[in-house]
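Dear colleague,

I am handing over the structure below, since you have not worked with it before. Please look through the sequence and the model first, and then read the notes that come after them.

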Amino acid sequence: MLTFLKNEGYEIERKALYNDLATLESVFGIQLEYVASKRGYVLHNPPFEPYELRLMVESVQASKFITQEKANTICA
């Protein structure tokens with residue numbers, strides 16, 4: 001995750017990332033678990049079902065007051 005953020009132009013400390021992940025769990029109830037075999041995190045309680053995400057993406061893309069370029073940026 002640190003490598004990804006660095007490649008995106010965000011320089012953060014490892015300790016800050018761990019604190020942010022702990023905040024997501026304690027404040028927002030988002031359950032993340034690091035899986036060493038996958039070398040990444042797993043979200044145990046996603047806030048949206050896949051069909052809900054598809055509906056949101058389709059709504060943004062079909063919106064008449066958002067340009068297609070902006071819709072593509074939002075949904076990317």
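The notes below go from the whole chain to single elements and then to a few residues.

Please keep in mind throughout that this is a predicted model. The mean pLDDT of the protein is 85, and 99% of its residues reach 70 or more. Among the elements, helix α2 has the highest mean pLDDT, at 90, whereas helix α4, which covers residues 68–75, has the lowest, at 78. As a general caution, predicted coordinates should not be read in detail where pLDDT is low.

As to the overall arrangement, the protein contains 4 helices and 2 strands, and read from the N terminus the order of these elements is α-α-β-β-α-α. The radius of gyration is 16 Å, well over the 11 Å that the globule rule gives for 76 residues, so the protein is more spread out than a compact globule. Along its principal axes, the C-alpha trace spans about 45 × 30 × 25 Å. Of the 76 residues, 9% count as buried, and the accessible surface comes to about 6,700 Å², with 56% of that surface belonging to carbon and sulfur atoms. If one takes the contacts with a separation of 6 or more, residues that are 24 or more positions apart account for 2% of them.

Turning to the helices, α2 runs over residues 14–28 and so has 15 residues; the distance from its first C-alpha to its last is 21 Å, close to the 21 Å expected at 1.5 Å a residue. Just after this helix comes Gly29, which takes a positive phi of about 75 degrees. Within α2 lies Glu25, which counts as partly exposed because its relative accessibility is 42%. When residues up to four places away in sequence are not counted, Glu25 touches Ile30 and Leu32.

The two strands deserve a separate look. Strands β1 and β2 pair in the antiparallel sense over 4 bridges, and in one of the pairings Glu33 has Val42 in β2 as its bridge partner. The hairpin that they form has 4 residues between the strands. Arg39 lies in this loop, between β1 (32–35) and β2 (40–43), and has a positive phi of about 55 degrees although it is not a glycine. Is Arg39 buried or exposed? With a relative accessibility of 72%, Arg39 counts as exposed, because the cut-off for that class is over 50%.

Tyr34 belongs to strand β1 and, with a relative accessibility of 44%, counts as partly exposed. Leaving aside its neighbours within four places in sequence, Tyr34 is in contact with Arg39, Gly40 and Tyr41. By contrast with these contacts, Tyr34 and Gln68, which are 34 residues apart in sequence, have C-alpha atoms 36 Å apart in space.

Beyond the hairpin, Glu49 is found in the loop between β2 and α3, the latter covering residues 50–62. Glu49 counts as partly exposed, with a relative accessibility of 44%. Its C-alpha atom is separated by 22 Å from that of Lys38, and these two residues are 11 residues apart along the chain.

When you go back to the model, I would suggest beginning with the hairpin of β1 and β2, where Arg39 takes its positive phi near 55 degrees, and then moving to α2, the element with the highest mean pLDDT.

With best regards

Terms used. Residues numbered from 1 in each chain as written. Predicted model: local features only at pLDDT ≥ 70, side-chain atom pairs only at ≥ 80, totals over all residues. Heavy atoms only, no water. Expected span 1.5 Å × (residues − 1). pLDDT = per-residue confidence, 0-100. Buried < 20%, exposed > 50% of the residue type's maximum accessible area, 1.4 Å probe, protein only. Pairing = 2+ DSSP bridges. Rg over C-alpha atoms; globule rule 2.2 N^0.38 Å. Contact = heavy atoms within 4.5 Å. Areas by Shrake-Rupley, 256 points an atom, 1.4 Å probe, with all protein chains shown as cover.
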